[in-house]
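Here is a short tour of a protein model, written for someone who likes to think in contacts, angles and accessible areas. Keep the viewer open and follow along.

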Amino acid sequence: MDTAPDTAPTAPITPTTPWTIAVLGPGGVGGLLAALLSRAGHRVICLAGEDTARTLARDGIRVSSRQHGDFTARVEADTELREPVDLCLVTVKHTALGAALDRVPPRFARGLVLPLLNGVEHVAALRARYGAEQVVPAVIRVESTRTAAGVVEHGSPFTEIDVAGADEARLAPAAAVLNAAGVRTRTVADENAALWAKLAFLAPFALLTTRYGLSIGGIRDEHPEELAALVEETTAVSRACGGPGDAAQVLARYEAFPARSKSSMLRDAEAGRALELDAIGGAVLRAAARHGIDVPLATRLVAELADGTTAAPSV
């Protein structure tokens, strides 16, 4: 999740014929998308561990959503992709990406490979495995949580994806499929700008909410100076990397965010799961170092979280 909705208009698109779609990592985000795509009439194959795959094949995916309603969708499930697909959504956590990719042999990823991960550095790794033409960077804006295998709670009143690439005609069919399933999807030309627009927003949200164990409302109320300072740091890095860099705009988006919203990193900390600290905070620090930008607050927060300093309860 972890970004506010984008208000730019999306033109109506007519969907194509049904596709075969693989979803690698049917958790909060992947499970929601798998269910929506299945409900829209597509053949969906979820790729996961044996226990999760067995549960999904037997029970489907049950979604509770204020935007899309409450419903159960039937899906296929397996531990490995065994046939070519039109689209492969990569929705695992960055911490599990390396091992998860073994479930998708390159010979079967013949359609688009659409990664919906936090951070910016995963695109190069995916292109090295599947090819530069196959892998299309994308970002998603949604708050969705897996509460059990095959059970998804979608809390945000939006589900939005930006698919990035200069060849809009090539990306339009995938955008059509997603739009028709209820996922507001647009194509954007500049992949670097799209990835950094999300990370410049996500990093302050993730680092501060996790460090202090607070929702965004708590951060706004109790740590406004740090929020403003961290946004200045991340937007400076974004500008240097060719992305957008309007700190005031990012802060305004935080102000519009529901006060109880939590970052996925904070939810992981609360559940005792591994944090995507390197993919989010580490990526900012490495980019800052490459461009000679001083980011003292980001550096401190990453170090503290790496040492286990967090107000989030341990499990």
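Which residues does glutamine 67 touch, not counting residues up to four places away in sequence? In this predicted model, glutamine 67 touches His154, Ser156, Pro157, Phe158, Thr159 and Gly182. Glutamine 67 sits in the loop between strand S3 (61-65) and strand S4 (69-73). One of its partners is a long way off in sequence: glutamine 67 and proline 157 are 90 residues apart along the chain, yet their C-alpha atoms are separated by 5.2 Å. Is glutamine 67 buried, exposed or partly exposed? Glutamine 67 has a relative accessible area of 33%, so it is partly exposed.

**Helix H1 and serine 38**

Let us turn to helix H1, which covers residues 28-39. H1 has 12 residues and spans 17 Å from its first C-alpha to its last, close to the 16 Å expected at 1.5 Å a residue. Because 11 of the 12 residues of H1 are buried, the helix is largely enclosed by the rest of the structure. The buried residues include Gly28, Gly30 and Gly31, along with Leu32, Leu33, Leu36 and Leu37. Serine 38 is in H1 too, and its relative accessibility of 16% is under the 20% cut-off, so serine 38 counts as buried. Leaving out residues up to four places away in sequence, serine 38 touches Val44, Ala73, Arg74 and Val75. After H1 comes glycine 41, whose phi is positive, near 105 degrees.

**Threonine 52 and aspartate 190**

Threonine 52 has its place in helix H2 (residues 50-59). With 18% relative accessibility, threonine 52 counts as buried. Its contacts, apart from neighbours within four places in sequence, are Pro26, Arg146 and Ala149.

Aspartate 190 belongs to the loop between strand S12 (184-188) and H6. Its relative accessibility is 40%, so aspartate 190 counts as partly exposed. Not counting residues up to four places away in sequence, aspartate 190 touches Ala164 and Gly242. The C-alpha atoms of aspartate 190 and glycine 242 are separated by 9.4 Å, and these two residues are 52 residues apart along the chain.

**Helix H8 and its surroundings**

Glycine 242 leads us to helix H8, since H8 is followed by this glycine, whose phi is positive, near 90 degrees. H8 (residues 224-240) has 17 residues and reaches 25 Å from its first C-alpha to its last, close to the 24 Å expected at 1.5 Å a residue. Which residues of H8 are buried? They are Glu226, Leu227, Leu230, Val231, Glu233, Thr234, Thr235, Ala236, Val237 and Ser238. The cover over the buried residues of H8 includes helix H6 (191-212), helix H7 (216-222), helix H9 (247-256), helix H11 (277-291) and helix H12 (296-306).

**Two helix pairs**

Two packed helices are described by the angle between their axes and the distance between the axes. Here are two such pairs from this model.

| Helix pair | Angle | Distance between axes |
|---|---|---|
| H8 and H11 | about 60 degrees | 10 Å |
| H6 and H12 | about 50 degrees | 10 Å |

Take H8 and H11, which pack at an angle of about 60 degrees. That angle makes H8 oblique to H11, and the crossing of H8 and H11 is left-handed. H8 brings Thr234, Val237 and Ala240 to this contact, while H11 brings Val284, Ala287, Ala288 and His291. By class, the residues in the contact of H8 with H11 are five nonpolar, two polar and no charged.

Next, H6 and H12, which pack at an angle of about 50 degrees. H6 is therefore oblique to H12, and the crossing of H6 and H12 is left-handed. On the H6 side the contact is made by Leu207, Leu208, Thr210, Arg211 and Tyr212; on the H12 side it is made by Arg300, Leu301, Val302, Glu304 and Leu305. How many charged residues does the contact of H6 with H12 have? There are three charged residues, with six nonpolar and one polar.

Key:
Residues are numbered from 1 along each chain as its sequence is written. This is a predicted model: local features need pLDDT of at least 70, side-chain atom pairs count only at pLDDT 80 or more; totals for chains, interfaces and linings use all residues. Side-chain values use heavy atoms; hydrogens and water are left out. Helices (H or I, at least four residues) and strands (E, at least two) are DSSP runs, numbered from the N terminus. The expected span of a helix is 1.5 Å times one less than its number of residues. Buried means under 20% relative accessible area, exposed over 50%, partly exposed in between (1.4 Å probe, protein chains only). Contact means heavy atoms within 4.5 Å. Axes are lines fitted to C-alpha atoms, for helices over the stretch in contact, and angles run from 0 to 180 degrees between N-to-C directions. Angles under 35 degrees count as roughly parallel, over 145 as roughly antiparallel, 65 to 115 as roughly perpendicular and the rest as oblique. A crossing is left-handed if the near helix is turned anticlockwise from the far one by less than a right angle, and right-handed if clockwise. Ala, Val, Leu, Ile, Met, Phe, Trp, Tyr, Cys and Pro count as nonpolar, Asp, Glu, Lys and Arg as charged, and the others, Gly among them, as polar.
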